[in-house]
Every structure is written in structure tokens, then in C-alpha cells.
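Q: I am new to this structure and would like to see how each label attached to it is earned. Could we go through the labels one by one, setting each value against its cut-off?

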Amino acid sequence: IVLYPQNDHNHEGCGFPIHYTIEGALQIHSDDDTSSWFVLTEKKEEEIADTPRIIEIKPPQLVRYVRVVGNQLRQQDDQMQLVEMQIFKEEADTTTVCEATNEE
């Protein structure tokens with residue numbers, strides 16, 4: 001999984017969470033379904049994320065849906081911002097990509 005932070009001039013890394021989890025699900029039963037999601041990995045960032053973050057899920061998991069849950073932002077940030085999320089089937093297979101959509 002590759003997460004791309006905000007990269008606008010003078011706003012590099014703004015809104016990128018300092019503590020977040022990446023969760024997966026095989027299926028979702030409704031919009032408020034929380035029981036289907038499970039944690040793939042949990043991350044804590046020390047530095048401002050001004051470059052893409054590459055996250056390997058070990059061991060690999062079979063999922064259909066992936067989401068990033070921001071658990072904590074920097075004090076000066078009031079909303080979580082990601083420019084893009086890419087999901088690769090395998091590390092060496094960079095041709096199989098699913099890009100996330102912004103659904104609210």
C-alpha cells in the first residue's frame with residue numbers, strides 16, 4: 001500500500017495522521033458496518049509525511065475493501081488529508097493497482 005500525503009507548496013504533509021490504522025474487509029453489510037473491518041497494520045509517524053509512505057502488509061491478507069482510519073492528527077491539523085492511496089497485489093507486481101475513491 002502506498003499513501004501519498006498533501007504536497008501543495010508550503011503545505012507538504014498537512015493533514016497526514018501521526019497515528020493511523022489500515023483496515024481491510026472481505027465484504028461490507030451496510031454503511032455503518034463496523035464488525036466486518038479488521039486491522040491490517042497500525043502505524044505511528046514521527047516526522048511530517050512529505051513523501052509517499054510505503055506500507056507492507058505482513059503476512060499478506062485477502063481483502064476486497066481497504067480503508068485508512070486516522071486515529072490522531074498533528075495539533076495544527078483539523079482534518080485528515082491523503083492525496084492518493086495505491087494498493088498493489090504484490091511488491092514485485094506493480095501493474096495490478098486499485099486506486100481509492102473518496103466516498104463520504
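Q: Why does histidine 19 count as buried or exposed, whichever of the two applies?
A: In this predicted model, histidine 19 has a relative accessibility of 15%, and because buried means under 20% relative accessible area, histidine 19 counts as buried.

Q: Where is histidine 19 found, and with which residues is histidine 19 in contact beyond its neighbours within four places in sequence?
A: Histidine 19 belongs to strand 2, and once its neighbours within four places in sequence are left aside, its contacts are Glu42, Lys43, Lys44, Val69, Gly70, Asn71 and Gln72.

Q: What makes the pair of arginine 67 and glutamate 23 a salt bridge?
A: The closest N and O atoms of arginine 67 and glutamate 23 are 2.7 Å apart, and because a salt bridge asks for a side-chain nitrogen of Lys or Arg within 4 Å of a carboxyl oxygen of Asp or Glu, the pair is called a salt bridge. The two residues link distant parts of the chain, with arginine 67 in strand 5 (residues 65-72) and glutamate 23 in strand 2 (residues 19-25), 44 residues apart.

Q: Why is glutamate 23 called buried or exposed, and what does arginine 67 count as?
A: Glutamate 23 has a relative accessible area of 12%, which is under the 20% limit, and therefore is called buried. Arginine 67 stands at 30% relative accessibility, and because partly exposed covers what lies between under 20% and over 50%, arginine 67 counts as partly exposed.

Q: How do you know that glutamate 45 and arginine 53 form a salt bridge, and are they buried or exposed?
A: The closest N and O atoms of glutamate 45 and arginine 53 are 2.9 Å apart, which is within the 4 Å that the label requires. Glutamate 45, at 16% relative accessibility, and arginine 53, with a relative accessible area of 15%, are under 20%, so both are buried.

Q: Why is lysine 58 called buried or exposed, and what is its salt bridge partner?
A: Lysine 58 has a relative accessibility of 61%, and because exposed means over 50%, lysine 58 counts as exposed. Its side chain meets that of glutamate 56 in a salt bridge at 3.5 Å, N to O, while glutamate 56, at 42% relative accessibility, counts as partly exposed. By this rule the count of salt bridges comes to three.

Q: What makes strand 3 and strand 5 stand at the edges of the sheet?
A: The open sheet has three strands in the order 3-2-5, with antiparallel pairing. Strand 3 and strand 5 each have a single partner strand, so one side of each is left without a neighbour in the sheet. From one strand to the next, the twist averages 20°.

Q: How do you know that strand 2 and strand 3 are paired?
A: Six bridges join strand 2 to strand 3, and because pairing asks for at least two bridges, the two strands count as paired, and they run antiparallel. Tyrosine 20 stands opposite lysine 43 in strand 3.

Q: Which residues make up the largest nonpolar core, and what does phenylalanine 16 touch?
A: The largest nonpolar core has 11 residues, among them Ile1, Leu3, Phe16, Tyr20 and Met85. Not counting residues up to four places away in sequence, phenylalanine 16 touches residues including Leu3, Ala49 and Leu82.

Q: Why does leucine 82 count as partly exposed, and where does leucine 82 lie?
A: Leucine 82 lies in the loop between strand 5 and strand 6 (84-88), and its relative accessibility of 30% is neither under 20% nor over 50%, so leucine 82 counts as partly exposed. Leaving aside neighbours within four places in sequence, leucine 82 is in contact with Leu3, Tyr4, Phe16 and Val68.

Q: Where is confidence lowest, and where is confidence highest?
A: The protein averages a pLDDT of 82, and 86% of the residues score at least 70. Confidence is lowest in strand 7 (residues 97-99), at a mean of 47, and highest in strand 3 (residues 38-44), at 94. Over residues 92-99 the pLDDT is below 50, and beyond near neighbours in sequence this stretch has 14 contacts in the model.

Technical notes:
Residues numbered from 1 in each chain as written. Predicted model: local features only at pLDDT ≥ 70, side-chain atom pairs only at ≥ 80, totals over all residues. Heavy atoms only, no water. Buried < 20%, exposed > 50% of the residue type's maximum accessible area, 1.4 Å probe, protein only. pLDDT = per-residue confidence, 0-100. Contact = heavy atoms within 4.5 Å. Core = buried A, V, L, I, M, F, W, Y, C linked by side-chain atoms within 4.5 Å. Axes fitted to C-alpha atoms, helices over the stretch in contact; angles between N-to-C directions.
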